[in-house]
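Student: Could you take me through one part of this model closely, starting from any disulfide and then moving on to individual residues in the strands?

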Amino acid sequence: QVQLQESGPGLVKPSQTLSLACTVSGSSIASGYYHYSWIRQSPEKGLEWMGAISYGGVTYYSPSLKSRTTISRDTFKNQFTLQLESVTPEDTAVYYCARGESIWTYEFWGQGIQVTVSS
């Protein structure tokens, strides 16, 4: 069974870079024609798709976050990562990783990780 697990710090200071990892088990991130997305949820903005990386390593970004976001992967660790630069308190949210057949469909989700931006 496919499982995804987010990891990273739960507290980040303003202006710093938020870094999260998603470890995938039960499936290789480099095969199967799947896309691996980062999605966040906050009371103010609801669910927000941030970006994705495909099985072939192609990246896609939300236009509103593109200037601050980098998604990459480590195929040996079967893991993909999110870096969000210059965070503000508005970036406080629960961050999820997910897998789907496209960047708009999500078949499997991680449990989510709360990240708070505060000094």
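Tutor: What follows looks at the disulfide and then at three residues in turn. The model is a predicted one, and a search through the whole of it finds one disulfide. That disulfide is formed by C22 and C97, whose sulfur atoms are 2.1 Å apart, and it joins distant parts of the chain, since C22 belongs to strand β3 (residues 18-25) and C97 to strand β9 (residues 93-100), with the two positions 75 residues apart. The torsion about the S-S bond of C22 and C97 is about 65°, so the disulfide is right-handed. Both ends can be described in terms of accessibility: C22 has a relative accessible area of 0% and is therefore buried, and C97 likewise is buried, with a relative accessible area of 0%.

Turning to the histidine, H35 is located in strand β4 (residues 35-42), and because its relative accessibility is 12%, under the 20% limit, H35 counts as buried. Once neighbours within four places in sequence are set aside, H35 is in contact with I53, S54 and Y60, and also with A98, R99, G100, E101, S102 and I103. With one of these residues, E101, there is a polar approach as well, in that a polar atom of the H35 side chain lies 3.4 Å from the backbone oxygen of E101.

The next residue, T81, is part of strand β8 (residues 79-84). Its contacts, again without the neighbours within four places in sequence, are L20, A21, W38, T70, I71 and S72, and the side chain of T81 makes a polar contact with the side chain of S72 at 2.7 Å. As a further spatial reference, T81 and G51 are 30 residues apart along the chain, while their C-alpha atoms are separated by 11 Å.

The last residue is D74, which lies in strand β7 (residues 69-74). D74 has a relative accessibility of 27%, which falls between the 20% and 50% limits, so D74 counts as partly exposed. Apart from neighbours within four places in sequence, D74 is in contact with I29 and Q79, and within its own stretch of chain the side chain of D74 reaches the backbone nitrogen of F76 at 3.0 Å. Between D74 and A21 the separation is 53 residues in sequence and 9.9 Å in space, taken from C-alpha to C-alpha; A21 also appears among the contacts of T81.

Methods:
Residues are numbered from 1 along each chain as its sequence is written. This is a predicted model: local features need pLDDT of at least 70, side-chain atom pairs count only at pLDDT 80 or more; totals for chains, interfaces and linings use all residues. Side-chain values use heavy atoms; hydrogens and water are left out. A disulfide is a pair of cysteine sulfur atoms within 2.5 Å. Helices (H or I, at least four residues) and strands (E, at least two) are DSSP runs, numbered from the N terminus. Buried means under 20% relative accessible area, exposed over 50%, partly exposed in between (1.4 Å probe, protein chains only). A polar contact is a pair of N or O atoms within 3.5 Å; within protein, one must be able to donate a hydrogen and the other to accept it, and residues adjacent in sequence count only if both atoms are side-chain atoms. Contact means heavy atoms within 4.5 Å.
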